[in-house]
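Trainee: Got a minute to go through this one with me? I'd like to start with how the helices pack.

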Amino acid sequence: MIMNEQPILQTIDVTKIYSSGTATELHVLNEVNIQIQKGEAVCLLGASGAGKSTLLQILGTLDRPTVGDVLFAGQSLLQMNDEQLAQFRNEKMGFVFQFHHLIHEFTAIENVMLPCLLAGESRSESYEKAQYWLNHLGLAERTSHYPNQLSGGELQRAAIARSLIRNPQILLADEPTGNLDSENSKKIQNLFFELHKQLGLTLIVVTHDLEFSKMFSKIYQVKDGHLTSN
Ligand SMILES: Nc1ncnc2c1ncn2[C@@H]1O[C@H](COP(=O)(O)OP(=O)(O)OP(=O)(O)O)[C@@H](O)[C@H]1O
Ligand SMILES: [Mg+2]
């Protein structure tokens, strides 16, 4: 295989089965093979319960498949232990969720600094980087606000700042605009694509928004445990 054709991220026959104590097993994903190239913008669509979040979490190594493997630049990720995986995620991946997942006891800037502090960077360096990203995303005046003092769009921008502070190669987002009004939703959608272009970020985004999905170079439908692309 030619090196530069190696997908940045791919699943190999990923199957996810949930068994919740009852006799019936739930086969959410069935031998899913997805290949994501560096710099691609990929969207995952599908009905509620289809397995989009499950697949995103497996791609982001937040969850492990029942069977199968996940490769980053050709290297298996599932052989790493949880500590190694946490370090890998902190370095290579950024996450944005529907409900931002900011820590309520921390200010905006403290939330954004956190991935740097966890990686062992100094407080002053972390603070400087967080300030840069908050400025860049239009939150310069909101750095000392607590999450409950921010609007929905501002919360999502702070969460995006946090996801970018370690210069990830891949940004994974699970319905990042699902909780916003249409104006803020549009702003966040445009922001994702500005960052995609500016930073060459690989985007993997779950959404229910068909208009948003049209901005992506590749759209996958998750249905009955399988992926189809169009
Ligand atoms: N930890 C779990 N244990 C058992 N079943 C689970 C678990 N997590 C998810 N499921 C089930 O797996 C299926 C897929 O869930 P998933 O969250 O991936 O769906 P989704 O496509 O993201 O849906 P939505 O659009 O509503 O967010 C659902 O039927 C869900 O009930
Ligand atoms: Mg979901």
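Mentor: Start with α5 and α6, keeping in mind that this is a predicted model. Helix α5 (residues 152-164) packs against helix α6 (residues 182-199) at an angle of about 20°, and the two are therefore roughly parallel to each other.

Trainee: How far apart are the axes of α5 and α6?

Mentor: Their axes are 10 Å apart. The crossing of α5 and α6 is right-handed.

Trainee: Which residues of α5 and α6 meet?

Mentor: From α5, Gly 152, Gly 153, Gln 156, Ile 160 and Leu 164. They meet Asn 184, Lys 187, Ile 188, Leu 191 and Leu 195 in α6. By class, that contact has five nonpolar, four polar and one charged residues.

Trainee: And α3 with α5, at what angle do they cross?

Mentor: At roughly 25°, with the axes coming within 7 Å. α3 and α5 are therefore roughly parallel to each other. α3 passes α5 in a right-handed crossing.

Trainee: What makes up that contact of α3 with α5?

Mentor: Ala 108, Asn 111, Val 112, Leu 114 and Pro 115 in α3 meet three residues of α5, namely Ala 158, Ala 161 and Arg 162. By class there are six nonpolar, one polar and one charged residues in it.

Trainee: What about α3 and α4, how do their axes cross?

Mentor: Helix α3 (residues 108-118) and helix α4 (residues 123-136) cross at roughly 125°, and their axes come within 8 Å. That angle makes α3 oblique to α4. The crossing is right-handed.

Trainee: Which residues make the contact between α3 and α4?

Mentor: On the α3 side, Ala 108, Ile 109, Val 112, Met 113, Cys 116 and Leu 117. α4 contributes Arg 123, Glu 125, Ser 126, Tyr 127, Lys 129, Ala 130, Gln 131, Trp 133 and Leu 134. By class, that is ten nonpolar, two polar and three charged residues.

Trainee: Switching to the sheet. What's the strand order in the one with six strands?

Mentor: The order is β7-β8-β9-β4-β10-β11, in an open sheet with mixed pairing.

Trainee: Which strands stand at the edges?

Mentor: β7 (93-96) and β11 (226-229). Each has a single partner strand, so one side of each is left without a neighbour in the sheet. Neighbouring strands of this sheet are turned by 20° against each other on average, direction ignored.

Trainee: In what sense does β10 pair with β11?

Mentor: Strand β10 (residues 218-223) pairs with β11 in the antiparallel sense, over four bridges. Val 222 has Leu 227 of β11 as its bridge partner.

Trainee: Which strands does α1 lie across?

Mentor: β4 (41-45), β8 (170-174), β9 (202-206) and β10. α1 runs at about 150° to β9.

Trainee: Last topic, the ligand. Which residues are around ligand 1?

Mentor: The residues around ligand 1 are Tyr 18, Ser 20, Leu 26, Val 28, Gly 46, Ser 48, Gly 49, Ala 50, Gly 51, Lys 52, Ser 53 and Thr 54. The elements that give two or more residues to this shell are β2 (25-32) and α1 (52-59).

Trainee: Which element gives the largest share?

Mentor: α1, with three residues. The α1 that lies across strands of the sheet is thus also part of the ligand 1 shell.

Trainee: And how does the shell split by class?

Mentor: Around ligand 1 there are four nonpolar, seven polar and one charged residues.

Key:
Residues are numbered from 1 along each chain as its sequence is written. Chains are lettered from A and ligands numbered from 1 in the order in which they are written. This is a predicted model: local features need pLDDT of at least 70, side-chain atom pairs count only at pLDDT 80 or more; totals for chains, interfaces and linings use all residues. A residue is near a molecule or strand if its C-beta atom, placed from the backbone, lies within 6 Å of it. Ala, Val, Leu, Ile, Met, Phe, Trp, Tyr, Cys and Pro count as nonpolar, Asp, Glu, Lys and Arg as charged, and the others, Gly among them, as polar. Two strands pair if DSSP finds at least two bridges between them. Axes are lines fitted to C-alpha atoms, for helices over the stretch in contact, and angles run from 0 to 180 degrees between N-to-C directions. Two residues are in contact if their C-beta atoms, placed from the backbone, lie within 7 Å. Angles under 35 degrees count as roughly parallel, over 145 as roughly antiparallel, 65 to 115 as roughly perpendicular and the rest as oblique. A crossing is left-handed if the near helix is turned anticlockwise from the far one by less than a right angle, and right-handed if clockwise.
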